[in-house]
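Reader: Before the terms are applied, I should like each of them to be justified. Please set every value against its definition.

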Amino acid sequence: MAVKSQLCSVWVGSETGILKGVSLSKKQAFNFCEMSCLTRDQEVCTMAWGDPHETEVLIGCLNGRVKTFSTEKGIFTESRECGDLSQGRFTGLAVMDSSLITCVESGLLKVWNEGSSNTAEINVGTGVCRMRQNPSQRHHVATGGKENPLKLWDLQRPDKSIFTAKNVANDWLDLRVPVWVRDIAFIQDSNKIVTCTGHHQVRVYDPSSPQRRPVLETQYGEYPLTTLSLPADQASVVVGNTHGQLAILDLRKGLVRGCIKGLAGGVRGLQCHPSLPVLASCGLDRFLRVHSLKDRTLQHKVHFPSMLCGSDTAGEVEEVKAEEEEDEDEVWDSMEMVKEHQGKRATCEEPSEASGNRVKRKRKVAKQ
Amino acid sequence: RYEKLIQEPVDNGSVEESESAGSSFPPTFSLSTIKNKQRRHLMFMKLKQEKRKQKLELRKKRKKERDALGDKAPPKDVPKTIENQRVYDETTVDPEDEEVAFDEGTDEFSAYFNKLTNPKVLITTSDRPRGRTVRFCEQLATVIPNAHVYYRRGLALKRIIPQCVSRNFTYLMVINEDRKVPNGMVLCHLPDGPTAHFKVSSVRLRKEMKRRGKDPTEHHPEVILNNFSTRLGHSIGRMFAALFPHDPHFVGRQVATFHNQRDFIFFRFHRYIFKNEKRVGIQELGPRFTLKLRSLQKGTFDSKFGEYEWVHKRHEMDSSRRKFHL
């Protein structure tokens, strides 16, 4: 079990409550579940890394429990009760200095301290869809939802939000533009926050500027955008919508750089690798797909029997050290850091094609 | 010049034979270079007859060899069909997969499959339907037990759905009509279930069917679901199964078949009779139509804001002739 979990480079949560770890190098997927009895109310709502070294995965379930899974040991180590069904689903999980931050749909944002039972609570408004933590300033947290504009909170001063976004001006018919923030991300090395909405808009806000309205606004498609992710190189964002359309948008001008094909169902989780130009996406069509962002081709595809839902493929590809060379040359050629055909060495932490679960390969013949 | 004109067919014939003898020296002669249509046609006919003769000879030779070998002959080759050559689909459901079993045991249809609810279907159309669609709906209502046809008075589906739920309907079926002919179907499982959108084609009403039997009776038919092998196929198959009540009345000897082939679902309704233990006679009653899945949406009908479990994307999914999704 421990060995299996240490191999996994991508973690996915499913609607049945099973945590699935996928090892792209070994091309296998493993199921990790707590008990033999599964119920639908253990559906995974959100996932987050428990610590900066990426050894623990926190999973928020529909019934209000937060489970901790240790990747080194391969078992669920802890499970806490953090709310119940009446308050709605978890919309965000984060960890700050050994205390757990949870947010539910009804708007209750709680900070659970280790050991001591006092919890700090903030009411962020009803209908919350997402809560995210700033990776560089861990005490800043952003929330947003349906008719609930983007708000930035400082957990050390929980009485009032630091920044509340203002709605854009009325549209050309002089009607109020509805607000529906679906996903939020913090842009690294700057103060800016990018959000995607259910009305197919992508907006960038800058809390440090006096302007509370978005700095940049673009539209993509006709369907609600469900998730977004920021790739390693700045100034672009990848968004996915309910129809399975994934697009890379440029944040400098707000234009579409390209679309990623392949998904057939609504996108539920998107995660870009922190350093390599690689994107993992999962959705309602029960597939986990790994695409390369440079040429937008599919690299891996893994099929699962149950729908992947609310799952952040949190925990992107970790540092997989010293990859042995394998026979499948084609995929390796598309990676950076490849010197020759023979010497595909160590630092390629990239997923080679999975075949353990009879994954179909889309061969990239090009480079040869 | 006159001589040349006569000589041409002879020349061309001889050139052609040397071509078919196997040499491929340039300039190669091709039928398309003959400008005269009649002569070209004649040459083409000759070519075809040649080929047919050769094929027949080959076949005779092979048959002779096979007869000569007698019992030791190698087995006959299976001809390649598109179904044989189908690309292996990794989403094909393994019957022993526990996770799939759990998923199916707790999905939206579990209430039906655990015999907790009985199906009750509401059939309606798009607004202002014309004769053919109206008759189609009526015939569908005779085929599906416990089905009610209502006139759609221009009402919005999102408003109809809560009313259906409160009146204990389990399915909403909307037949869409275009230019006086039904061409689409939205099948929505009611409490909060998936909504499937199909393209309907080849609708044959009862009076257009040849050698048909009498009208269907009120007995619950049996249901046959053929060839729904992938995970998506399973979901759709369960959707169709949940349209009909659990206990079929075998006395009625009626059967409704949903046969999936190459992503098209063929619906037929038959009455059968066993002539003896091995032979069955069937009579087709009832309407006949084909469906093709366009999208499967999670949740009740909400085309703008709903999440889609599967959307048919023509350019990505229809690029291979041997890949199917259901």
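Reader: What makes β13(A) and β14(A) paired strands?

Author: Strands are DSSP runs of E with at least two residues, helices are runs of H or I with at least four, and both are numbered from the N terminus. Two strands pair if DSSP finds at least two bridges between them. Five bridges join β13(A) to β14 (residues 148-154) of chain A, and the two run antiparallel, so the criterion of at least two bridges is met. In β14(A), A:N148 is the bridge partner of A:G145. The two strands form a hairpin with two residues between them, and A:E147 in the turn has a positive phi of about 55 degrees.

The model is predicted: local features need pLDDT of at least 70 and side-chain atom pairs count only at pLDDT 80 or more, while totals for chains, interfaces and linings use all residues. Residues are numbered from 1 along each chain as its sequence is written, chains are lettered from A and ligands numbered from 1 in the order in which they are written, and side-chain values use heavy atoms, with hydrogens and water left out.

Reader: Which strand is joined to β13(A) by a hairpin through six residues?

Author: That strand is β12(A). Five bridges join β12 (residues 128-133) of chain A to β13(A) in an antiparallel arrangement, and A:Q133 stands opposite A:V141.

Reader: Why is β13(A) called mostly covered?

Author: Buried means under 20% relative accessible area, exposed means over 50%, and partly exposed lies in between (1.4 Å probe, protein chains only). Six of the six residues of β13 (residues 140-145) of chain A are buried. In a regular strand the side chains alternate between the two faces of the sheet. Here A:H140, A:A142 and A:G144 point one way and A:V141, A:T143 and A:G145 the other way, and all are buried.

Reader: Why are β20(A) and β23(A) said to stand at the edges?

Author: Four strands of chain A form an open antiparallel sheet in the order β20-β21-β22-β23. β20 (225-229) and β23 (256-260) each have a single partner strand, so one side of each is left without a neighbour in the sheet. For β23(A), four bridges join it to β22 (residues 246-250) of chain A, with A:I260 as the bridge partner of A:L246.

Reader: Is A:R286 buried or exposed?

Author: A:R286 has a relative accessible area of 6% and is therefore buried. This residue lies in the loop between β25 (278-283) and β26 (287-292) of chain A. Its phi is near 65 degrees, a positive value in a residue other than glycine.

Reader: Why does B:S202 count as partly exposed?

Author: The relative accessibility of B:S202 is 41%, so the residue counts as partly exposed. B:S202 lies in strand β5 (residues 195-204) of chain B and has a positive phi of about 55 degrees although it is not a glycine.

Reader: How does the span of α5(B) agree with the expected value?

Author: The expected span of a helix is 1.5 Å times one less than its number of residues. For the 13 residues of α5 (residues 131-143) of chain B this gives 18 Å, and the end C-alpha atoms are 19 Å apart, which agrees. The buried residues of this helix include B:F136 and B:L140.

Reader: What is the radius of gyration of chain B, set against that of a compact globule?

Author: The radius is taken over C-alpha atoms, and the globule rule is 2.2 Å times the number of residues to the power 0.38. A compact globule of 326 residues would have a value near 20 Å, but chain B has 28 Å. Along its principal axes the C-alpha trace of chain B spans about 90 × 55 × 45 Å.
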